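Grab a pencil and have a look at the fold below. Then try the exercises before you peek at the solutions.

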Amino acid sequence: MNPHWSHVALNCRDQQATEEFYSKRLGFERARIVPLGEEQIVFLRQGDAYLELFHTTDGAIHEPMADGPQNAGAVRHIAFQTDDLDAFLMRIGDAVPISLGPLSFDNFIPGWRIVWLIDPDGVIVEVSQGYRDE
């Protein structure tokens with residue numbers, strides 16, 4: 001039996017700000033807190049997708065830009081889909097910095113549009129509309 005998708009673990013300077021971003025902007029809900037003495041791990045859930053938030057005091061390893069870092073071994077971005085990108089962008093307004101887009105990829109898939117956002121810790125978050133498999 002093949003493993004199935006579980007979660008992405010994110011390092012956060014401020015777990016509360018990161019939890020608020022993913023909850024308010026992308027519909028995640030707190031699923032569990034794992035206490036670790038003075039620290040804690042926060043699990044967020046949206047459907048079958050989980051985010052695991054770890055506190056860190058370390059700085060960023062690269063500046064957030066475009067669709068994410070292009071370094072080998074680094075996650076370029078995490079991605080979500082929506083049925084209506086314009087409505088999503090209206091809902092978030094100016095509250096979230098955009099690193100790139102929105103852009104149209106009609107030449108690949110008619111109706112495919114993408115915007116890339118920056119979370120509170122500099123993780124690039126893609127939100128797209130219209131992607132479909134061949």
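A few exercises with worked solutions follow.

First, the ground rules. This is a predicted model, where local features need pLDDT of at least 70 and side-chain atom pairs count only at pLDDT 80 or more, while totals for chains, interfaces and linings use all residues. Residues are numbered from 1 along each chain as its sequence is written, and side-chain values use heavy atoms, with hydrogens and water left out.

**Exercise 1.** Work out whether the end-to-end distance of helix α1 agrees with its number of residues.

*Solution.* Helices here are DSSP runs of H or I with at least four residues, and strands are E runs of at least two, numbered from the N terminus. Helix α1 covers residues 15–26, 12 residues in total. The expected span is 1.5 Å times one less than the number of residues. That gives 16 Å, and the end C-alpha atoms are 16 Å apart, so the two agree.

**Exercise 2.** Find which residues of α1 are buried, and which exposed residues sit on the face turned away from them.

*Solution.* Start with the cut-offs: buried is under 20% relative accessible area, exposed is over 50%, and partly exposed is in between (1.4 Å probe, protein chains only). The buried set is Q15, T18, E19, F21, Y22 and L26. They sit on the same side of α1, because they cover an arc of only 155° around the axis, taken from the directions from the helix axis to the C-beta atoms. Turned away from that side are the exposed Q16 and K24.

**Exercise 3.** Track down the polar partner of the Q15 side chain, and the cap of α1.

*Solution.* A polar contact is an N or O pair within 3.5 Å; within protein, one atom must be able to donate a hydrogen and the other to accept it, and residues adjacent in sequence count only if both atoms are side-chain atoms. Q15 has 11% relative accessibility, so it counts as buried. Its side chain reaches the backbone oxygen of L53 at 2.8 Å. At the N-terminal end of α1, D14 is the cap, with a side-chain oxygen 3.0 Å from the backbone nitrogen of Q16.

**Exercise 4.** Hunt for backbone oddities at G27, A66 and P102.

*Solution.* Just after α1, G27 has a positive phi of about 80°. A66 isn't a glycine, yet its phi is positive too, near 50°; you'll find A66 in the loop between β4 (49–55) and β5 (78–81). Finally, the G101 to P102 peptide bond is cis, with omega near 5°, and P102 lies in strand β6 (residues 98–104).
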